[in-house]
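Work through the exercises below with the sequence and the 3D structure open beside you. Try each task before reading its solution.

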Amino acid sequence: MNKVRITSRPFLKGLDGSPTFLYRLTNSSGAYVEITSLGASIVSIVVPDRNGKLTDVALSYATSDGFLNSDCYFGASVGRVAGRIAHGKFTLNDKEYSLAINNGVNALHGGIRSFSRRTWNASITPSGLKMSLVSPDGEEGYPGTLKVSITFSFSEDNALLIDYKAITSEDTLVNLTNHTYFSLSGEESNSILDNELQIEASRYIEVDKDMVPTVSKSVIGTPFDFTHFKEIGRDIFENNAQLNIAHGYDHSFILNESKTAYAYSKKTGIMLTCKTTYPILHLYTSNFVNVPLGKHHHAYSLYSGFCLETQLYNDAINHPEWPSVVLRKGELYHHQTLFKFSAK
């Protein structure tokens, strides 16, 4: 029997003043996750530390303006295509498409409006909280009418499961992810440089000056070696060409067969285990964050949180050597990511 309770209350205003709601999924221990229909965004993840103290480990906004206009994507469900598409152009079925450009010369995270700024339809199901929307043919330049659902489930043992599904009326591109910023020392701690991270990946993908993925390289002997636990800040300021381009970590890791990563805070004892069906984990370390007024009146700045964006390959449509991000008409897009929290 599922003992997790789901409650809701009115939340901030969406686009054009539309109402949105905040849903809380609470288990019997009192731990909870809050998710809003504004961007299908995770607002809070409150779990016990080693002393049993409930601690919020997710960053979020305080205002509608943050959700609708910030380029940080705190907690957001991102789509149609996460990451960058070079110059906002791709060819599919011998036709060239041009996307909305919103990141230098590139298209990023689905475009100007993106799924992160949409108000999603929410429903409570036996599986959890289901968010759904319809992206019309041609939105942001993408072909096909895309129907998307994302179901969030929270368990008695503090595991947050995100289940992504999509179908399309014609061939299109799909690469959905969640953009939560984690801070396992508590969202008010201001720095995640002392959080420890392990990524079960032996290769990462380099980027060019415009942050577009180029080629994969071995992590061995580089600052990108997270094959064993190390503090996120240990090598982040090293004089490395890739770190210099991104001002920190903003890179995709090609996950090994286990498709698992771990993060840990010595301060709180909170451990995060991330498992996914996706082949890629994109690590971002808040390299450009500047939010003077975040949730609970906290300011967020550089290195305030880290993102573990599980997804398909960035810019794969322009890299035929990588697995495809094309969703064909009649096919079901289906991926899952599990964020499991514990303490020691």
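## A hairpin and its neighbours

Strands β23 and β24 form a hairpin with five residues between them, and glycine 269 in the turn has a positive phi of about 80°. Strands, like helices, are DSSP runs numbered from the N terminus: a strand (E) has at least two residues, a helix (H or I) at least four. The model is predicted: local features need pLDDT of at least 70, side-chain atom pairs count only at pLDDT 80 or more, and totals for chains, interfaces and linings use all residues. Residues are numbered from 1 along each chain as its sequence is written, and side-chain values use heavy atoms, with hydrogens and water left out.

**Exercise 1.** In which sense do β23 and β24 pair, and over how many bridges? Which strand does β24 join through seven bridges?

*Solution.*
- Step 1. Apply the rule for pairing: DSSP must find at least two bridges between two strands.
- Step 2. Look at β23 (residues 260-264) and β24: they pair in the antiparallel sense over five bridges. In this pairing, tyrosine 264 stands opposite methionine 271 in β24.
- Step 3. Look for the seven bridges: they join β24 to strand β28 (residues 333-343), and these two strands run antiparallel. Cysteine 274 has phenylalanine 339 in β28 as its bridge partner.
- Step 4. Check the cover of β24 (residues 270-276): six of its seven residues are buried. Buried means under 20% relative accessible area, exposed means over 50%, and partly exposed lies in between (1.4 Å probe, protein chains only).

## An open sheet

**Exercise 2.** Give the order of the six strands in the open sheet. Which are the edge strands?

*Solution.*
- Step 1. Follow the sheet across: the order is β17-β26-β25-β22-β19-β20, with antiparallel pairing.
- Step 2. Take the ends of that order: β17 (181-182) and β20 (213-218) are the edge strands, and each pairs on one side only.
- Step 3. Inspect one edge: two bridges join β17 to β26 (residues 306-311), and the two run antiparallel. Phenylalanine 182 has phenylalanine 306 in β26 as its bridge partner.

## Aromatic rings

**Exercise 3.** Are the rings of tyrosine 61 and phenylalanine 74 stacked, tilted or edge-to-face?

*Solution.*
- Step 1. Apply the rule: rings of Phe, Tyr and Trp (its six-membered ring) pair if their centres lie within 6.5 Å; planes under 30 degrees apart count as stacked, over 60 as edge-to-face and the rest as tilted. The structure holds 22 such aromatic pairs.
- Step 2. Compare the values: the ring centres of tyrosine 61 and phenylalanine 74 are 4.7 Å apart and the planes are at 35°, so this pair is tilted.
- Step 3. Place the pair: tyrosine 61 is in the loop between β5 (54-56) and α1 (64-69), phenylalanine 74 in the loop between α1 and β6 (77-78), 13 residues apart. Both tyrosine 61 and phenylalanine 74 are buried.
- Step 4. Repeat for tyrosine 313 and tryptophan 322: with centres 5.4 Å apart and planes at 35°, this pair is tilted. Both tyrosine 313 and tryptophan 322 are buried.
- Step 5. Look for a cluster: one is formed by Phe11, Tyr61, Phe67, Phe74, Tyr181, Tyr284 and Tyr300.

## Salt bridges

**Exercise 4.** Where is glutamate 139, and with which residue does glutamate 139 form a salt bridge?

*Solution.*
- Step 1. Locate glutamate 139: its place is in the loop between β12 (128-135) and β13 (146-154). At 15% relative accessibility, glutamate 139 counts as buried.
- Step 2. List the contacts (heavy atoms within 4.5 Å): not counting residues up to four places away in sequence, glutamate 139 touches Arg113, Phe115 and Arg118.
- Step 3. Apply the salt-bridge rule: a side-chain nitrogen of Lys or Arg within 4 Å of a carboxyl oxygen of Asp or Glu. Glutamate 139 forms a salt bridge with arginine 118, and the closest N and O atoms are 3.1 Å apart.
- Step 4. Place the partner: arginine 118 lies in the loop between β10 (107-108) and β11 (121-125), so the pair ties together parts that are 21 residues apart in sequence. Arginine 118 is buried, with a relative accessible area of 11%.
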